[in-house]
Amino acid sequence: NIPVRKNGQMKKVTLEQTGDKPPATVEAYHFPMADGKLGAITFVVPDASALVNNMFDEHRFAVSLGQKQAIDITWRGGHSIRDRLTKCLKGTGNPY
């Protein structure tokens, strides 16, 4: 349910996720993909360690644009992905 945009643009979105922090309003890049058929949102993280240190084995994300929820997903197996990403970032071995 991520709205399709004609052009990419930084937008304020509300991010709710697993953990003890309340929902946060953050800047995200909202852009079209799949030849303009789908909308997408990406987030900026301060550095790679901030990303891997915030990866739970089960992690829920809910993102709202304005008052409308765009996505609510949960991933499982996050520690496996975190470990692979850490190997890749360190350049130590094949992450696959």
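## A pocket, two ring pairs and a surface patch

The largest pocket here has a volume of about 810 Å³. Thirty residues line that pocket, and the ones closest to its centre are Leu15, Gln17, Phe43, Asn54 and Phe61. Keep in mind that you're looking at a predicted model.

Which parts of the fold supply at least two residues each to the lining of the largest pocket? Strands S1 (9–17), S2, S3 (38–43), S4 and S5 do, and helix H1 (48–52) does too. For orientation, the protein has two helices and five strands, and reading along the sequence you get the pattern β-β-β-α-β-β-α. The C-alpha trace spans about 40 × 35 × 25 Å along the principal axes. Of the protein's 96 residues, 20% count as buried.

Now for the aromatic rings. How many aromatic pairs turn up in a search of the whole structure? The search finds two, and here they are:

| Pair | Centre to centre | Angle between planes | Arrangement |
|---|---|---|---|
| Tyr29 and Phe31 | 5.4 Å | 20 degrees | stacked |
| Phe61 and Trp75 | 5.4 Å | 55 degrees | tilted |

Tyr29 and Phe31 count as stacked because their planes are 20 degrees apart, and the cut-off for stacking is under 30 degrees. Is each partner buried or partly exposed? Tyr29 is partly exposed, with a relative accessible area of 36%, while Phe31 is buried at 18%.

The other pair, Phe61 with Trp75, is tilted, with 55 degrees between the planes. Phe61 sits in strand S4 (residues 58–65) and Trp75 in strand S5 (residues 68–76), so this pair ties together parts that are 14 residues apart in sequence. Phe61 is buried, with a relative accessible area of 18%, whereas Trp75 is partly exposed at 31%. You've already met Phe61 in the pocket: it's one of the residues closest to the centre there. Strands S4 and S5, home to the two rings, each give at least two residues to the pocket lining as well.

Back to Tyr29, which has a second role in this picture. This tyrosine lies in strand S2 (residues 24–33), and S2 is also among the elements lining the largest pocket. On the surface, Tyr29 joins Met10 and Val44 in a nonpolar patch. Together the three have about 300 Å² of accessible area. Why can Tyr29 belong to a patch at all? Patch residues need over 30% relative accessible area, and Tyr29 has 36%, so it clears that cut-off. So Tyr29 is part of the stacked pair with Phe31 and part of the nonpolar patch too.

Definitions and conventions: Residues are numbered from 1 along each chain as its sequence is written. This is a predicted model: local features need pLDDT of at least 70, side-chain atom pairs count only at pLDDT 80 or more; totals for chains, interfaces and linings use all residues. Side-chain values use heavy atoms; hydrogens and water are left out. Rings of Phe, Tyr and Trp (its six-membered ring) pair if their centres lie within 6.5 Å; planes under 30 degrees apart count as stacked, over 60 as edge-to-face and the rest as tilted. Buried means under 20% relative accessible area, exposed over 50%, partly exposed in between (1.4 Å probe, protein chains only). Helices (H or I, at least four residues) and strands (E, at least two) are DSSP runs, numbered from the N terminus. Patches are made of residues with over 30% relative accessible area and no salt bridge: like charges are joined within 9 Å, nonpolar side chains (Val, Leu, Ile, Met, Phe, Trp, Tyr) within 5 Å. Accessible areas come from the Shrake-Rupley method with a 1.4 Å probe; for residues, only the protein chains shown count as cover. A salt bridge is a side-chain nitrogen of Lys or Arg within 4 Å of a carboxyl oxygen of Asp or Glu. On a 1 Å grid over the protein atoms alone, a cavity is a set of points where a 1.4 Å probe fits but cannot get out, and a pocket is an open set with protein on both sides within 12 Å along at least five of seven lines; lining residues have an atom within 4 Å of a point. Grid points are joined across faces, edges and corners, and a volume is the space filled by probe spheres set on the points.
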